[in-house]
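The following account is intended for a reader who meets this structure for the first time. Please keep the sequence and the model in view while reading.

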Amino acid sequence: MSTAILTGQPVPGSSIEGDLRSLGFDVRTAADAAEAETLLAEVPFEERVALVDARFVGHVHALRLGLTDPRFPLAAIPGAVTAQPAGRQALIRAMARENSAGGGTTLVDSLADRILTALDADGTDVHRPELGSLVAAVPADPQARNEARQAVADVDDEAVRLKSAVKSRDGFFTTYCISPYSRYIARWCARRGLTPNQVTTASLLTALIAAACAATGTRGGFVAAGVLLIASFVLDCTDGQLARYSLQYSTLGAWLDATFDRAKEYAYYAGLALGAARGGDDVWALALGAMVLQTCRHVVDFSFNEANHDATANTSPTAALSDKLDSVGWTVWVRRMIVLPIGERWAMIAVLTAVTTPRITFYALLIGCAFAATYTTAGRVLRSLTRKAQRTDRAARALADLTDSGPLAELVSKLRSTRGKVLPYTPVLVAALGAALLLVNTVRQGAGGAALTAPFYVVLAGCALMQPLKGPLDWLVPPLFRAAEYCTILLLAAKADVNGALPAAFGLVAAVAYHHYDTVYRIRGNAGAPPAWLVRSIGGHEGRTLLVTVLAALLTASQFTVALTVLAVAVALVVLVESIRFWVSAGAPAVHDEGEPA
């Protein structure tokens, strides 16, 4: 239960007490500031508490946004301020200081707003939600109150609430083909007490059933798979809309929403590959290639954003041109569609599954994702080369964490002092050289060439970390390492040319990719990277690459397949156990991740 303390004399005809109770608050009334301070001290420390001016006039949804969002320790709207346990001490101090500053008076008018001013003076971070057309006011006289009440009547807050449940920036397919009705599904779920986590789980189960249908290899199975994949995507949109509609954000929800999209998509790829195999067509290499390409695309997105979100002088002519293009309506949608976001991508996969073959589906997916990756990466490279950004220590630390470097690379990185002058493009050039040498020798000489090159790759991976990753293109270092590791596993499994090698490689890359996504979402939640013991226990990218190449060189094809399977299971168990422990613990960030544009 949460507690709301109404300050001041109740206003005849006011609905504020009922509105607060409808939001789950136990309402108490304080006639003066001293009584408000006493009531505040009586509220159990583990509960949310709010101070609300009794003269408040506004929409219920304005109160909901300001007083019930679980993501922020302190939040406020005009006439109301709230604190969760993490922000309670700051609220208590501000209240005590405000009452002391009053010279012992018991002035209660505008107490909530005066406390908010005191919090701001302390430099305390207080969240203020964007209300848009919603009304939140504290009228000073009857005329102003009547005007505020009319303003409330003129705006349908339920319509605003439904609209705000939809992400402001989404793909064309989602915006025009899904969100117009999925928002009403979200409201239906909210009114029946369903949670976003339940809807997320339903989306996962639907996608897994779709994958099972695709695995049958029959035309009917492929048609059912396509239909169910779209249904899964509708639920995938609904869970986020439900979270925003009812402000149900949670640590578990963050983990589920952040990981299930990838689990659904990659399980579907596996289902398509199994279905194709039933028809005599081996497309496991294409399925693994699609997973590798999609994951590397995301790492490019994550790395670029982490490198630049808090950089100074973060402007460039390329960015200005992009903003100019976005000012023309139709170009916005074209540019969003050609990057093949999840909505367009899943729609394409679903339709092609139903009417063509898995091979054609994967060909189209690879071509589309390759074009999208080229377009977005080229644009970001141009932005990076033309801007004069100064990247922060936090950005450099985030990029270093995203490299997923293990003990071997760390050891190499410490062999040389970095206090001297360094070239700005050294890390990315070194990483690119290591990845190119490894992949070229793997293609040309197979397992033997890969095993001989892998030690040089380890050394170059360490050299790339000898200086902070603050260069213009250093955000490319993590995706280069991802491409090197994933593609090496793919190539070695393909060259093994034995049944089961590619599915085993698919499982290993899926397990490692999960670890990399988990790292991203921890950093996004300001919780830092996974613990060092986890990264070291699974070897880091360079350790795993070295191990896989040595196994491929020393073992027979059948033995290599077994080794890949064992390695995939081991990595999956370690990263999943630690990930689950973290995301369901109290230390995980209370966010509902938006993920990529739907």
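Which residue in S2 is the bridge partner of serine 2? The model considered here is a predicted one, and in it phenylalanine 25 of S2 takes that place opposite serine 2. This pair belongs to a wider pairing: strand S1, residues 2-7, and strand S2, residues 25-30, run parallel and are joined by six bridges. Between the two strands, the chain leaves S1, passes through helix H1 (residues 16-22) and arrives at S2. The resulting β-α-β crossover is right-handed.

Both strands are part of an open sheet of five strands with mixed pairing, and the order across the sheet is S2-S1-S3-S6-S5. At its edges lie S2 and strand S5 (74-77), each of which pairs on one side only. From one strand to the next, the twist averages 20°.

The edge strand S5 may be followed to its partner. Strand S6 comprises residues 80-83, and four bridges connect S5 with S6 in an antiparallel arrangement. Within S6, alanine 83 stands opposite leucine 74.

Attention now turns to a helix later in the chain. Helix H24 spans residues 557-583 and includes isoleucine 580. Is this isoleucine 580 buried, partly exposed or exposed? Its relative accessibility is 38%, and because partly exposed residues lie between the limits of 20% and 50%, isoleucine 580 counts as partly exposed. Together with Leu252, Leu576 and Val584, Ile580 makes a nonpolar surface patch of about 290 Å².

Definitions and conventions:
Residues are numbered from 1 along each chain as its sequence is written. This is a predicted model: local features need pLDDT of at least 70, side-chain atom pairs count only at pLDDT 80 or more; totals for chains, interfaces and linings use all residues. Side-chain values use heavy atoms; hydrogens and water are left out. Patches are made of residues with over 30% relative accessible area and no salt bridge: like charges are joined within 9 Å, nonpolar side chains (Val, Leu, Ile, Met, Phe, Trp, Tyr) within 5 Å. Accessible areas come from the Shrake-Rupley method with a 1.4 Å probe; for residues, only the protein chains shown count as cover. A salt bridge is a side-chain nitrogen of Lys or Arg within 4 Å of a carboxyl oxygen of Asp or Glu. Buried means under 20% relative accessible area, exposed over 50%, partly exposed in between (1.4 Å probe, protein chains only). Two strands pair if DSSP finds at least two bridges between them. A crossover is right-handed if, with the strands pointing away from the viewer, the path from the first strand over the helix to the second runs clockwise. Axes are lines fitted to C-alpha atoms, for helices over the stretch in contact, and angles run from 0 to 180 degrees between N-to-C directions.
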